[in-house]
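Reader: I am new to this structure. Please take me through its aromatic pairs in one close look, and then place them in the chain as a whole.

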Amino acid sequence: MLFFLLTTVTSIFAQGRVVSGAVSDEKGTPLPGVSIRIKGSPGGALTSTDGTFSLRVPANAKVLQFTSLNMEPKDVALSNNSNTLSVTMTSTSASLQEVVVMGYQSVAKKDVVGPVSTIAGKEVAQKPIASFTQELQGKAPGVQVTGQSGRPGQNAFIRIRGSGSINASNEPLIIIDGLPVAAAAFSLLNPNDIETITILKDAASTSVYGARGANGVIVITTKRGKGKPELRYSFQYGHSKKLPLYNLTSMNAQQKLQYEYEGQYTNGLLDTMINNRKASGAFPAGATLFNIPEAQRQDLWNTLISRSSNWEDLLFQNAITKSHEIALSGAEGRIRYYFSLNSTDYQGILYASDFKRTGGRLNVEYQATDWFKLGTNLGVSFSKDNQLREPFNTQNTNAGFYLINPYEQARLANGNYNPTLQGLNPLEGTDFNPQQIKKLSSFSTIFGEAKFLKHLTVKSQLGINYNTFNEEYYLMPGSNLANILGYNQKRVQANQDYLLVYTNTANWTQTLGGKHTFSLLGGMEFNKDKVYNIQLIARGFPTASVNTLDNASTPNTTSTSRSDWSLISYFANGSYDYKKKYFITLSARRDGSSRFGKDVQFANFGGVGLAWDIKSENFIKWGSLSSLRVRASYGTAGNNNIGNYDALGTYALNARYNNQGAAIPARLPNPELTWETNKNYDFGLDAAFFNNRLTFRADYYNRKTQNLLYPVNVSATTGFTSYTGNIGGLVNKGYELSIGGDIIRKKDFTWNVSVNYTNNDNKITQLYNDNQVAANTGSIGWLKVGEAINTFKLVQYAGVDPQTGKDQYYKKDGTITTTFPSSEAVLLSGKSPNIKYFGSINTSINYKNFDLSAQFYYSGGNYIMNYMWQVGASNGESINIPQFTEAFNYWKKPGDVVPYANLNDPTQNQTFDDTRWLQKGDYLSLRDVTLGYNLEGSMLSHLKILKGLRLYVQGTNLLMFTKFKGQPEVGLANGESAVQPGVYNLYAYPQFRSVTFGIDVKF
């Protein structure tokens, strides 16, 4: 039989003819390595280096199929009158922009069912911020981005359509080239390597990710080679400085001394000066600051001020950012490639802080045969972070500016650091208690993709995200803090996080009769994560310069630990459309997680999405209407972002009994612990008018969370206080709007404006124990059914009594008292840290070779407990540290209507957690402005090797408009606080303003 088939095929080809020709692109450039197949027959060939080919075809052959990387496939009919062909292929570079990467596959943008947002890589590239997460702010509706702090390398908090959990993670799943990536590695990804960012928000899009899609999914693809080889060099140089506290001004040295005098307070420095003058006879024996003549008092102040230091100049620096990058990309024949190397130095705006990153990327795809492709995406990055401590004291450099008096000096007369009246000097602490963090991360995937049949594509991919972390904190011998604590110490912490992801998919895509298009995807995925931790602490170092642990006299702590978790998943996705009018997408996934009880580890998730392209209907005759589509989706997704062993009853083996090793219970078991689930509804409308000059998108969503992963309280007689269970529910509902238009669209002049707006309403729908303190909110955030997460519960402030100068407070019954009633705190309905609305206003202008773009970002509806304001306007409670100038506006006589109580009434020299310090966090900022000039094409014709040159200048955080007293973009309270994001502020690393100059050169 096999002999008969071979003989028949040979006979057919022997009766055929030879067809030859050349293949080029739309510019006439020859294309080598183009695959040529005979439709319906097994024969084929490849074009040579000059784009020519020669192929024997059977007599009955009708069509030749031409395929090549980065080119649109093309079918060419054979003519009986000619055996010579001239074939022109079209680049896919334009159409690539219309493809959305989502759900283990690429989908044409016009076929997407759901409110998917796509962000081009150029929108996050060449920015003076290390982590791409912060650059997502304002880029897409429904995606709330808040900077954790201004520390270089710091990530942002990202919330997609609100917070869907109380105690489990609310961060979205971030996938880079098909590989889920740990948050620790975000700042190690070079933003300039990003090609596109796709944000999946609704159930139809995220349910295929099942267990990890509850908080939304961000899919990132890095750059691939295309077209002719291109070498690019980029350089950036920028300056940054801290943003001010808005609506607050710190007292200068003269003002602070005057305020202390009015408050009947004498600082220790003045006490010493007065005592010295009494000892020398310059002042009488009974002299005090309050009975000497005004001239002598001012002379004392002048002397003290003359010795002071400019703390702002010492603690803050005009930070410099420098970056270099070189990249080579292209495609030729069967191979396409992208290679980059980058080095960036982000100097922090606080004294001695910086973040340095060096890395590289190599993405290669090789078309081994006309049906099999393989490739790798490899990124490696290393960072070194000189990190500053951020507690609520003067070890914190930022806090030092607000806690060290402006009349104090940084160094003593002998040159040593002055410990200051607070006992600590942040400059000395930074120099003699250094803390450095080093990270190494690898984002690596290798894949093979086979197209056995015309419509079937099978792909296998192995991905590894390997992260190492190494921290060294040295309490040097002789340092101020070491002397206070009574010991010097070196702490070394390190961990290795190894995530392996193995994915297999099969995808069948076909169009029947030119009307029915369907796609079927099936696959499985296995995740395995292993973490190894080590901590070593030793004390008693002989000198500051000898700091390896083997030189310490007293080993203190040696600790190691291991943990791991795994996830096995099976998924399917199907889509169908009829005439590109009616669309349906179905997805299903089954996940099993090692983090849950043995009998409840698996859960099923799924979703359905529908869309109707109304514009395609014959009854739509509106001439100005370019497109009109309605969408709807429903689906489920899960959340397993909890501890690896929360379902298990565990024992600690580090106890001792009768001086022998012993085991003690460490955690209560919960074999019923299972998935936190989301049920999501979405309804949307897309429209465009006037040849797509005006576009509009609107979405309404309802996101319900059930089986919250939350601690369940138990009686302390059990030896424990709680265990992790599935209790409670949440809902986030709201709407998203975006509108954009080309106000001017001409050959040499375009002007585009776009606006997006999101409104989100967060509510608790079920709790096992209503009206309770929320974890990590400092007891001022509470949980109650019908209210938002972390709604504030505070005593209500009633102002200063104009007759007595005393602070007043409301009781629950509405009566007023001048004694702080701590038991009279009330839940402030509608006032929580949750941002209710946010969005951006964007504009871009292009005139010939010039381009100008700007983005305004706005956010509001949230409340912040303003502790920095409270500390700096404290009614005399904190008179020993710097105060804000508005503290002068205190009560002095009956009838005064003022914001602050009598400074000279000792009963009023204190502050409490009341509504006076609770402020709305609304603000509008000019987030980004970029002005560029491009040289290209004929303008560079005299420079043979130069293809393009771009010069630009950009500003970040240039302006802000707010009524908040301080900095309203609040993420972390400070670096050592476990407080929930945005609840209160407490001297975190400040945000910054920057101006950056850059150049891009293409060869």
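Author: Start with a definition. Two rings of Phe, Tyr or Trp, the last taken by its six-membered ring, form a pair if their centres lie within 6.5 Å. Planes over 60 degrees apart count as edge-to-face, and planes under 30 degrees apart as stacked. The model is predicted. It holds 34 aromatic pairs.

Take Tyr 466 and Tyr 498. Their ring centres are 6.3 Å apart, and their planes meet at 70 degrees. This pair is edge-to-face. It links distant parts of the chain. Tyr 466 belongs to strand E23, residues 456-475. Tyr 498 belongs to strand E24, residues 489-512. The two residues are 32 positions apart. How far is each exposed? Tyr 466 is partly exposed, at 27% relative accessible area. Tyr 498 is partly exposed too, at 33%.

Now turn to two tryptophans. The ring centres of Trp 869 and Trp 917 lie 4.9 Å apart, with 80 degrees between the planes, so this pair is edge-to-face. Trp 869 sits in helix H11, residues 867-872. Trp 917 sits in the loop between H11 and strand E48, which spans 918-920. The pair therefore ties together parts 48 residues apart in sequence. Here both rings belong to buried residues. Trp 869 has a relative accessible area of 8%. For Trp 917 the value is 0%.

Aromatic residues also gather in a cluster. Phe 316, Phe 392, Phe 401, Tyr 402 and Tyr 987 form one.

Next, the whole chain. It has 11 helices and 51 strands. Its radius of gyration is 33 Å, close to the 30 Å that the globule rule gives for 1003 residues, so the chain is as compact as a globular protein of that length. Its C-alpha atoms fill a box of roughly 125 × 75 × 70 Å along the principal axes. Of the 1003 residues, 52% count as buried. Take the contacts with a separation of 6 or more: 69% of them join residues 24 or more positions apart.

One helix rounds off the picture. H4 covers residues 253-262. Its buried residues include Leu 257, Tyr 259 and Tyr 261. The buried residues of H4 pack against helix H5 (268-280) and helix H6 (294-306). At the start of H4, a side-chain oxygen of Asn 252 comes to within 3.2 Å of the backbone nitrogen of Gln 254. After H4 comes Gln 264, with a positive phi near 60 degrees.

How values were computed
Residues numbered from 1 in each chain as written. Heavy atoms only, no water. Buried < 20%, exposed > 50% of the residue type's maximum accessible area, 1.4 Å probe, protein only. Helix = DSSP H or I, 4+ residues; strand = E, 2+ residues; numbered from the N terminus. Contact = heavy atoms within 4.5 Å. Polar contact = N/O pair within 3.5 Å; in protein donor to acceptor, adjacent residues only side chain to side chain. Rg over C-alpha atoms; globule rule 2.2 N^0.38 Å.
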